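Colleague: I am new to this structure and would like a close look at a single part of its surface. Could you take me through that part slowly and then place it within the whole chain?

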Amino acid sequence: ANLPSINKRIYEAHLMKDSLAAILDRRQIHVATKKLHEWIRWTWYSGIKPFERLSRTILKHKDGILAYIRTRMNNG
């Protein structure tokens, strides 16, 4: 059996995690911005509460996240 048929929510959460990682690896800021907004919209309608909370946090820090994508520098 495969994961999508066993537990759709776990599978979707796994896809969300991998998609966010791919967005953060992007180099084109315009594409990353568009994909990040799409990802946030996806999480809001997913019904998966931890990802809904994460997307709200990402929105609060969106400028810093996009600055990281643009420069690959962080404040750590």
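**A nonpolar patch and its setting**

Modeller: Please keep in mind that this is a predicted model, in which the protein chain has 5 helices and 0 strands, so that, as defined by DSSP runs, the order of elements from the N terminus on reads α-α-α-α-α. The part I would look at closely is a nonpolar surface patch of about 370 Å², which is made by Trp44, Tyr45 and Leu59. Within this patch, Tyr45 deserves a careful look, for Tyr45 is found in the loop between helix H3, which covers 29-44, and helix H4, which covers 49-60. Tyr45 has a relative accessible area of 69%, and because exposed means over 50%, this residue counts as exposed.

Turning from the patch to the surface of the whole chain, about 5500 Å² is exposed by the protein chain, and carbon and sulfur atoms supply 57% of that area. As for the interior, 26% of the 76 residues of the protein chain count as buried. The C-alpha trace spans about 40 × 25 × 20 Å along its principal axes, and, among the contacts in the protein chain with a separation of 6 or more, 53% are accounted for by residues 24 or more positions apart. Finally, with regard to charge, the protein chain has 15 positive and 6 negative charges, and the mean positions of these two groups are 2 Å apart.

Notes:
Residues are numbered from 1 along each chain as its sequence is written. This is a predicted model: local features need pLDDT of at least 70, side-chain atom pairs count only at pLDDT 80 or more; totals for chains, interfaces and linings use all residues. Side-chain values use heavy atoms; hydrogens and water are left out. Patches are made of residues with over 30% relative accessible area and no salt bridge: like charges are joined within 9 Å, nonpolar side chains (Val, Leu, Ile, Met, Phe, Trp, Tyr) within 5 Å. Accessible areas come from the Shrake-Rupley method with a 1.4 Å probe; for residues, only the protein chains shown count as cover. A salt bridge is a side-chain nitrogen of Lys or Arg within 4 Å of a carboxyl oxygen of Asp or Glu. Helices (H or I, at least four residues) and strands (E, at least two) are DSSP runs, numbered from the N terminus. Buried means under 20% relative accessible area, exposed over 50%, partly exposed in between (1.4 Å probe, protein chains only). Contact means heavy atoms within 4.5 Å. Lys and Arg count as positive and Asp and Glu as negative; His and the chain ends are not counted. The place of a charge is taken as NZ of Lys, CZ of Arg, CG of Asp or CD of Glu.
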